[in-house]
Amino acid sequence: MTPAELRATLSLASIYGLRMLGMFLILPIFAIYASTLPDKPSGLMVGLALGAYGLTQALLQLPFGMASDKYGRKPMIYIGLGIFALGSMVAALAMNIEGVIIGRAIQGAGAVSAVVTALVADLTRDEHRTKAMATIGGTIGIAFALSLVAGPILNDWIGVPGIFFLTGILTLAAIAVVKYVVPDPVDSHYHSDASAAPAKLKDVLKNTQLLRLNYGIFALHAAQMAMFVVVPFAINQSSAMDVSQHWKIYLPVVVAAFVLMVPAIIYGEKQARMKQVFVTAVAVMLLAQIMFAVSISYFWGIVASLTIYFIAFNLLEASLPSLISKIAPAAAKGTAMGVYNTSQSLGIFVGGALGGYLSHTYGFSSVFIFCGVMMVLWLLFASSMQAPLAVRTRMYTMDASADGMTAAEANAIRGRLLACAGVVEAAVLPQERTVILKLDKSHDWDDAQVYQLLKG
């Protein structure tokens with residue numbers, strides 16, 4: 001990467017991560033905080049407060065991304081971050097649960113995730129795009145892990161309203177980072193690998209392999225949100241630990257889960273056994289839900305369940321985007337990721353709402369029975385999916401002459417590329433000056449042959 005590409009990637013990754021941190025920080029503490037509010041909200045209202053941002057994010061993240069193609073990336077990011085900051089302040093000043101729900105919904109309405117990835121695509125060359133996107137994606141896992149530790153500590157220092165205020169202030173600071181640190185794109189246009197296109201939605205939604213993965217991310221985050229309606233209370237009731245001390249449980253559990261996750265991912269990728277690793281992780285997630293259901297009243301049962309849960313969660317969170325990239329058509333990866341991200345946001349909303357309702361009405365164990373049913377369905381879907389091909393994606397930039405290339409010429413180049421040993425799929429996109437190849441990992445590959453073909 002050039003220094004400008006590296007600066008763009010790291011600065012945008014920090015903004016993406018900050019936004020996700022603002023969403024996640026209250027997860028391990030909010031349910032207990034809400035129980036102290038004067039209106040004594042029901043479990044359903046607590047769950048809605050946790051998950052409300054998922055609904056507005058699901059509704060608006062694709063429109064935000066598409067609007068940025070027309071109105072510009074940075075202006076849409078300014079608007080989105082401003083909305084997010086406003087929601088944070090509304091939640092901070094709220095005196096009742098309804099006010100927090102409104103604030104969280106406003107936070108979610110600042111749905112800039114798709115715009116950030118589109119700007120990354122504008123600011124990085126095709127051959128470095130995958131690394132840049134991986135850096136952005138990695139911030140989600142870091143933000144989530146950090147929130148489990150920092151949330152309880154910050155709660156002890158400044159309380160939940162203070163966390164909302166802090167999030168709002170940092171988000172306003174992020175606007176300055178976008179303006180003064182993130183480079184301005186020389187050429188801003190649609191990228192098939194990073195942005196959603198309405199014309200490709202139908203094909204993506206008809207792809208049964210992708211639908212399995214979309215259901216998976218929905219179930220994974222629904223279970224995550226439902227869990228955080230219950231677990232903070234369960235820890236309090238089964239131990240003498242104050243909520244500000246809960247990080248002492250989360251920190252070793254998350255670290256251990258991360259250490260165990262890395263070898264499994266490496267094994268699955270190197271041995272072309274990602275489906276086996278993936279299905280096993282779903283089965284482990286089902287086991288975690290069963291353990292929660294039967295041991296939620298016992299402290300060490302909760303700790304053991306959390307450990308199993310985070311091992312599975314980390315594996316699934318890391319492997320799902322990789323599977324989307326392998327399975328999605330090369331020219332529709334951005335659209336596939338847009339649908340995937342929308343499914344994730346819907347899972348957050350449904351999990352929060354149903355988790356809150358079930359825990360209040362039928363008790364803690366009912367939440368994990370509900371989550372267990374979702375995991376059984378996911379296990380069936382995952383077991384019957386096609387094993388993804390062991391492929392890697394490479395992207396190449398065409399020169400200015402591509403602007404005048406006809407569809408017939410593009411198809412001819414595509415045909416010659418497909419004839420090369422090791423090419424599994426090829427997309428020639430002259431309007432984007434881009435060639436996207438999916439390559440068999442078992443074949444050696446020389447980039448020079450692609451450029452030779454493009455030169456004719």
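Let me begin with one residue, Lys40, which counts as exposed because its relative accessibility is 58%, where exposed means over 50% relative accessible area, buried under 20% and partly exposed in between, with a 1.4 Å probe and protein chains only. Before I go on, please keep in mind that this is a predicted model, in which local features need pLDDT of at least 70 and side-chain atom pairs count only at pLDDT 80 or more, while totals for chains, interfaces and linings use all residues. Residues are numbered from 1 along each chain as its sequence is written, and side-chain values use heavy atoms, with hydrogens and water left out.

Lys40 sits in the loop between helix 2 (30-34) and helix 3 (43-71), and its phi is near 45°, a positive value in a residue other than glycine. Another such residue is Arg433, with phi near 55°, and it lies in the loop between strand 2 (423-429) and strand 3 (434-440). Arg433 counts as partly exposed, because its relative accessibility is 33%.

Turning to the whole chain, the protein has 16 helices and three strands, these being DSSP runs numbered from the N terminus, with helices as H or I of at least four residues and strands as E of at least two. The radius of gyration is 22 Å, which agrees with the value near 23 Å for a compact globule because the protein has 456 residues; that radius is taken over C-alpha atoms, and the globule rule is 2.2 Å times the number of residues to the power 0.38. Along its principal axes, the C-alpha trace spans about 70 × 45 × 35 Å, and buried residues make up 56% of the 456.

Now to the interior. The largest nonpolar core has 132 residues, and those with the most contacts inside it are Phe30, Phe278, Leu306, Phe310 and Trp378; such a core is a set of buried Ala, Val, Leu, Ile, Met, Phe, Trp, Tyr and Cys residues joined through side-chain atoms within 4.5 Å. Helix 9 (residues 208-238) gives the largest share of this core, 17 residues. A second, separate core of 15 residues includes Ala410, Leu417, Val435 and Trp445.

Which residues does Phe278 contact, leaving aside its neighbours within four places in sequence? Taking contact as heavy atoms within 4.5 Å, they are Leu213, Leu316, Ser319, Leu320, Leu323, Trp378, Ala382 and Met385. Across the protein, of the contacts between residues at least 6 apart in sequence, 81% join residues at least 24 apart.
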